[in-house]
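Got your viewer open? Let's take a walk through this protein together, one selection at a time.

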Amino acid sequence: MKDLTNSKEFIRRHIGPSDEHIKTMLSYLHVQSLEELIQKIVPDKILEKEELKLDDAISEDKALKLLKQIVQKNKIYKNYLGAGYYGTITPNVILRNILENPGWYTAYTPYQPEVAQGRLEMLLNFQQMIIDLTKMDIANASLLDEATAAAEAVALCQRINPENLNKIFISNRCNLQTIDVVKTRVEPFGLEIIVGDNDEGLPKLDNLLCAIVQYPDSLGAIYDLKQIIDIIHNKKGKAIVVTDLLALTLIKPPGEMGADIVVGNSQRFGVPMGYGGPHAAFFATKDEFKRAMPGRIIGVSVDRKNKQALRMALQTREQHIRREKATSNICTAQALLSIMAAAFGIYHGPEGIKKIAERTAGISNLFAEAMQKNNFKIISQHYFDTVTIFTGDETEDFYKKALAKKINIRKLEDSISISFDETSEISDLKDLFEVFGINEKISSETKIDQISKEFLRTSKYLTHEVFNSYHSETEMLRYLKRLEDKDIALNRSMIALGSCTMKLNAVAEMIPVTWPEFGAMHPFAPVDQAEGYHFMFNDLSKMLSEITGFSGISLQPNAGAQGEYAGLMVIRKYHLSRGDKNRNVCLIPSSAHGTNPASAQMAGMKVIVINCDKDGNVDFEDLKKKANDYSKDLAALMVTYPSTHGVFEEKITDICKIIHDNGGQVYMDGANLNALVGIAKPGKFGPDVCHMNLHKTFCIPHGGGGPGMGPIGVSQHLEKFLPNHQIIKQNSGPSTGMGAVSAAPWGSASILPISWMYIKMMGAAGLKKATQVAILNANYMSKKLSEQFSTLYKGKNGFVAHECIIDLRSIKVETGVSEEDIAKRLIDYGFHAPTMSWPVAGTLMIEPTESESLNELNRFCDALINIKKEINMVKNKVFDTNDNPLKNAPHPFLELSADIWEHKYTREQAAFPLQYLKTNKYWSPVSRVDNVYGDRNLVCSCPSLDSYREEAA
Ligand SMILES: *Cc1c(COP(=O)(O)O)cnc(C)c1O
């Protein structure tokens, strides 16, 4: 029968190879069908015999309409809730050209700097903006949210703690979510945490490790921060200041008052609230602590031609190398959102930003003055955008009156707090006055006399040329395009990064993200206003639960590594609840991602490494022995499945049994879920917890290094320990839970529609087929490349899972051509390199995903095969050992077009080694970037323009 509906159309658009091509590839692998292929690869014991119980696939159009109906249940009230989240206006030029532009949102973390100069430049701009506004020495290129940034600041203090100080003060004038997340994070370390008052609590303490204060504080007060910081320093502590970027344009920055670490949220720089995220938190510190900083830092280096080039600094301290010694477990951060915030700073410039700040402060001044005139008492005389009013017995009354007018105000015990922002208008005051029953004529003139002179900022900021050049839309548009064109993202060619799952991020999935019904919702708005969101959360949780086989889901962790941390904390709680206080040993195979040991360490666990055998599997005997040896103290095993070696280990069920028999729990790293959806359920084959990287398997784009989402699934016995939230208790997790891991109750809620749309449009059959084809594509490539490159690990029947590691070590020994040379040469062919030297040094890990067509797979294989020819030419001395296209790759356009060409091969050999390049060529903007130089000469702020001029001269 002919299917005349279009309900399955999305499936064939998401899956690259056509059915015809799938047949071709299957016969190339000598199997009859996708089912047979999977049977030959996946252990029979875990293979699901039944279809997923999900709705049938629906078309793009239908899914969008359905979601629109759902989201319209959200009620968007006028928002004055503040507490770290504010209304903002995303400039349209940024909305369309960054947030809605695959050239930006589909890029990967800039590990290959030569193809990432555009986003590296924007991330460096972000760092510069943070440095300027906070007046600190150095800033990173984003953390997940303000609360975790504060927790990371405490962790930094722990790392540099010379005297084993163990007392942490946290001001009760910090946002509640910050206090909460910090409490969760320090709990496993037995540190003493004192929540108290700046003026009364703090001075009584001694021997502090650090103190966290907020400035302006959560209720809006601006106070003498210098005095507080001096007190903290007198007590040996490091001063951590949570602050607000917009306020810092008017008030004295913490860096001028001796702060050691400054953190906060950059959300109000043009990034919608999105019911909690994603937005970029910032982290800035003093020069002396730079090597202990968490997260990614962008630095200035030079390329082979001594031309200035950017790169991620201190890359070697990244988590997969440092493992449990890592500075944090942050992998996916908030790159795209920090790029947006930087663009906001650039587009408005110092004057424009200041104007926004002054308008905001002016309106809050008008409001406060009127309230005082009408005998209301306000809490602080010095404030920026937030006015807190004593309301005593009438608090509830005012609050309800506001709700009736569709206004959200922040209700406290006996006061009400009102936060103004960029979207506030003087005309809005009328409604507010009515809430408080006052009748005040509203003047159209504002003044800002609420900040006393001693608190005013006198230093300049955003003086760098980049913040003073692109204020017209035309200029901005072109600047963004210029940067975008420097980079390779998925809109140019396949990005076969093993373990990262760079699949299609369909436009239909992305469209809802910028719907105002999702974007304009404050995370602490009353739950009954967010009915649309909650409907979607429930629906998505149910679907993820069906897919993974886990009964409990938490949507709070906002990256995979946060999921790991949350899952391990759940396990920790479980053991504690049974009186097993000593269970703190975490077994981790040597093939694990570096975030695993880093997360285990954060959960207070001791990492014991399990070896791998020669086939890349967990060394079963070693596991048995260590599980036995540590039986009394065993907390957990962290295992990635299918493994990072690209195989489905046959023994997975036995491995889980051994752990359980020894009293431990099994944490499954679900980064490779793309090989499991629809064919096996982790909740049914042994693991007790797993995280899902929604930005891998479930289509959230990588954004150049974030955002992401890392919800966790747990078995029933662990459900009561899932994360919860103190501010929004309803629907956010069990009251018996482990506490908060993110600032917002549902993490980066506004990108969840992407995964929801994906699952709806694929349905059970589509999802299963996607998994099958992902595995087919990987096996096709492994075989197609087999004459030139051998695949390091294979499972039973000689197949791989959804990715394959090609071994380049013998090539290096025989010819001197390294994995890096090959990775960089791929750039000349227009490709981003696969994952390099992880999990095995001297290899490339290729993961094509189901979204790449046979054509593109062939194009990529042809490039690698031709590179092998070039390697052979080096081996056979046709090419010089040192001066050859591989060693000198990539070839930037300046070098290729220069009058002088002194290489022992031709320009054509360098630039056009294959025919397709003559019609489809990526021009590398720089040559190979010098990593060592960049780390020795760590510069993490924008270079002065003079340095560019000198270079051009
Ligand atoms: C990506 C990945 C992680 C970390 O996930 P993030 O979302 O980047 O924090 C952990 N383990 C493996 C195997 C991964 O591939």
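The tour begins with the whole chain and then visits a few individual spots.

**Stop 1: the whole chain**

Before you click on anything, keep in mind that this is a predicted model. Show the protein chain as a cartoon and you'll have 31 helices and 25 strands to look through. Rotate the view, too: the C-alpha atoms fill a box of roughly 85 × 70 × 65 Å along the principal axes. Is that what a compact globule would give? What radius of gyration does the chain have? The answer is 28 Å, which agrees with the value near 30 Å for a compact globule of 953 residues.

Now switch on the surface. The chain exposes about 33700 Å², and carbon and sulfur atoms supply 47% of that area. Much is hidden from this view, since 67% of the 953 residues count as buried. If you display contacts, take those with a separation of 6 or more: residues 24 or more positions apart account for 77% of them.

Colour by charge next. There are 108 positive and 114 negative charges, and their mean positions are 2 Å apart.

**Stop 2: aromatic rings**

Select the aromatic side chains. The structure holds 28 aromatic pairs. One of them is formed by tyrosine 574 and phenylalanine 721, so zoom in there and look at how the rings meet: they are edge-to-face, because planes over 60 degrees apart count that way and these are at 75 degrees, with 6.4 Å centre to centre. This pair links distant parts of the chain, 147 residues apart. Tyrosine 574 sits in helix H19 (residues 560-577), while phenylalanine 721 is in the loop between strand E21 (712-714) and helix H24 (752-784).

Is tyrosine 574 buried or exposed? Tyrosine 574 is buried, with a relative accessible area of 13%. Phenylalanine 721 is buried as well, at 5%.

For a group of rings, select Tyr80, Phe367, Phe376, Phe398, Phe420, Phe433 and Phe436 together. Ring pairs link these residues into a cluster.

**Stop 3: alanine 292**

Jump to the loop between strand E8 (281-285) and strand E9 (297-302), where you'll find alanine 292. Alanine 292 is buried, with a relative accessible area of 12%. Which residues does it touch, leaving out those up to four places away in sequence? They are Leu156, Arg159, Ile160 and Thr327. Try the distance tool on alanine 292 and glycine 345: they are 53 residues apart in sequence, and 27 Å lies between their C-alpha atoms.

**Stop 4: proline 91**

Go to the loop between strand E1 (78-79) and helix H5 (92-99) and pick proline 91. Its relative accessibility is 8%, so proline 91 counts as buried. Show the neighbours and you'll see Phe344, Tyr347 and His348 touching proline 91, with residues up to four places away in sequence not counted. Draw a line from proline 91 to phenylalanine 289 as well: their C-alpha atoms are separated by 35 Å, with the two positions 198 residues apart along the chain.

**Stop 5: aspartate 880**

The last selection is aspartate 880, in the loop between helix H27 (854-875) and helix H28 (893-897). Aspartate 880 is partly exposed, with a relative accessible area of 26%. Leaving out residues up to four places away in sequence, aspartate 880 touches Val874 and Lys904. Finish by clicking on aspartate 880 and lysine 904, which are 24 residues apart in sequence and 7.0 Å apart in space, C-alpha to C-alpha.

Notes
Residues numbered from 1 in each chain as written. Predicted model: local features only at pLDDT ≥ 70, side-chain atom pairs only at ≥ 80, totals over all residues. Heavy atoms only, no water. Helix = DSSP H or I, 4+ residues; strand = E, 2+ residues; numbered from the N terminus. Rg over C-alpha atoms; globule rule 2.2 N^0.38 Å. Buried < 20%, exposed > 50% of the residue type's maximum accessible area, 1.4 Å probe, protein only. Contact = heavy atoms within 4.5 Å. Areas by Shrake-Rupley, 256 points an atom, 1.4 Å probe, with all protein chains shown as cover. Lys, Arg positive; Asp, Glu negative; His and termini not counted. Charge placed at Lys NZ, Arg CZ, Asp CG, Glu CD. Phe/Tyr/Trp six-rings, centres within 6.5 Å; stacked < 30°, edge-to-face > 60°.
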